Amino acid sequence: MSPTTPTKRQRSDAARPLQKGQQTKAAIVDAALGLATQIGLEGLSIGALAEVMQMSKSGVFAHFGSREELQISVVREYHARFEEEVFYPAMSAPRGLPRLRMLFDNWMKRTSVEIDSGCIYISGAVQFEDRPGPVRDALASSVNTWLSAVRRSVEIAVEEGHLRADTDAAQMGFEIHALILALHYEARFLRSPDSLRRALQAFEGIVHRFSSATTPGLPPTPQPAPRARARKPASTAARS
């Protein structure tokens, strides 16, 4: 998304000026999000954020009340920005496969930008996977909301006739999500230079496997060639 193009939320915020307290809180959340992408949600603290903001600890604490509430605010802000960059732009694409493709393209772009910082969804899952509580719940809720949107996009592609009627939307959504996780790992941890190309190629392979014979721009799914009949090995007696 172009930095010069205001998002829907930004336009809405501009229409109603924030009070000073709200502006300060928004600035703190913005700084906390930047910090969390570098050190993770678990690394966030009121003290570290106060230092970044050049505020007193009590001043930061007054806006959130606890470290946990600060972490949850960061999760919500990350999710809102994720939707603005990945989900909403894809809604301008035609229903069905074009929209699903744009969702994936936007998701890949977002992931590639986060190679040098980090994905709150992924790092947060690692840090809070076995730690029940409000922060984990906020993370899981955000991720599930997004994955539900992906599955719904698959279902719409089925309704439009772009994917087979028997397409398992949950399975296809799972495989697309797995591609993004692999892309993040390959690009961020292994520094593989061709990870984006491979992710896109794998996505097209998934689409081809689930596509209907009449999907625009896709050839019919090739049927596997019949296996050649195995020749019976000659007996020991015949070879001797």
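How many residues apart in helix α9 are Tyr185 and Phe189, and about how many helical turns separate them? I noted that they are four residues apart, which means about one helical turn lies between them. I am working from a predicted model.

**Entry: the pair in α9**

I looked up the ring geometry of Tyr185 and Phe189 and found an aromatic pair that is tilted, with 5.2 Å centre to centre and 55 degrees between the planes. I then checked accessibility. Tyr185 is partly exposed at a relative accessible area of 47%, whereas Phe189 counts as exposed at 56%. For the background I wrote down that an α-helix has 3.6 residues a turn, so residues three or four places apart point the same way.

**Entry: overall make-up**

I counted secondary structure next and got eleven helices and zero strands. The protein has 240 residues, of which 38% are buried. I also looked at the contacts between residues at least 6 apart in sequence: 68% of them join residues at least 24 apart.

**Entry: the other rings**

I searched for aromatic pairs in the whole structure and found eight. In one of them, the rings of Tyr78 and Tyr121 have centres 4.9 Å apart and planes at 80 degrees; planes over 60 degrees apart count as edge-to-face, so this pair is edge-to-face. Tyr78 belongs to helix α5 (residues 67-90) and Tyr121 to helix α7 (residues 120-128), so the pair ties together parts 43 residues apart in sequence. I recorded both residues as buried: Tyr78 has a relative accessible area of 1%, and Tyr121 has 10%. Following the ring pairs further, I found a cluster that links Tyr78, Phe82, Trp107, Tyr121 and Trp146.

**Entry: the core**

Which residues touch the most other members of the largest nonpolar core? I listed Leu41, Trp107, Trp146 and Met172, out of 54 residues in that core. Helix α8 (residues 134-159) gives the most to this core, namely nine residues.

I took Trp107 as a case to follow. Setting aside residues up to four places away in sequence, I found that Trp107 touches Phe82, Val86, Trp146, Leu147, Val150, Ile176, His177 and Ile180. Two of these names, Phe82 and Trp146, I had already entered as members of the ring cluster.

**Entry: α2 against α5**

I fitted the axes of helix α2 (residues 20-39) and α5, which come within 9 Å and cross at roughly 85 degrees. Angles from 65 to 115 degrees count as roughly perpendicular, so α2 and α5 are roughly perpendicular to each other. From α2, the residues at the meeting are Val29, Asp30, Ala32, Leu33 and Ala36; from α5, they are Leu70, Ser73, Val74, Glu77, Tyr78 and Arg81. Tyr78 of the edge-to-face pair is thus entered here again, among the α5 residues that meet α2.

**Entry: α10**

I checked the length of helix α10 (residues 195-210). Its 16 residues reach 23 Å from first C-alpha to last, close to the 22 Å expected at 1.5 Å a residue. I listed its buried residues as Ser195, Ala199, Phe203, Ile206, Val207, His208 and Phe210. What covers these residues includes α6 (97-113) and α9 (169-189).

**Entry: Ala187**

Is Ala187 buried or exposed? I found it buried, with a relative accessible area of 7%. Ala187 lies in helix α9. Leaving out neighbours within four places in sequence, I recorded contacts of Ala187 with Ile115, Ser192 and Ser195. Ser195 is one of the buried residues of α10. I also took the C-alpha distance from Ala187 to Glu114: 9.7 Å, for 73 residues of separation in sequence.

**Entry: positive phi**

Where does Gln54 lie? I placed Gln54 in the loop between α3 (46-53) and α4 (57-64). Its phi is near 55 degrees, a positive value in a residue other than glycine. Gln54 is exposed, with a relative accessible area of 76%.

I made a like entry for Arg191, in the loop between α9 and α10. The phi of Arg191 is near 55 degrees, again positive in a residue other than glycine. Arg191 has a relative accessible area of 52%; exposed means over 50%, so I entered Arg191 as exposed.

Terms used: Residues are numbered from 1 along each chain as its sequence is written. This is a predicted model: local features need pLDDT of at least 70, side-chain atom pairs count only at pLDDT 80 or more; totals for chains, interfaces and linings use all residues. Side-chain values use heavy atoms; hydrogens and water are left out. A nonpolar core is a set of buried Ala, Val, Leu, Ile, Met, Phe, Trp, Tyr and Cys residues joined through side-chain atoms within 4.5 Å. Buried means under 20% relative accessible area, exposed over 50%, partly exposed in between (1.4 Å probe, protein chains only). Helices (H or I, at least four residues) and strands (E, at least two) are DSSP runs, numbered from the N terminus. Contact means heavy atoms within 4.5 Å. The expected span of a helix is 1.5 Å times one less than its number of residues. Rings of Phe, Tyr and Trp (its six-membered ring) pair if their centres lie within 6.5 Å; planes under 30 degrees apart count as stacked, over 60 as edge-to-face and the rest as tilted. Axes are lines fitted to C-alpha atoms, for helices over the stretch in contact, and angles run from 0 to 180 degrees between N-to-C directions. Angles under 35 degrees count as roughly parallel, over 145 as roughly antiparallel, 65 to 115 as roughly perpendicular and the rest as oblique.
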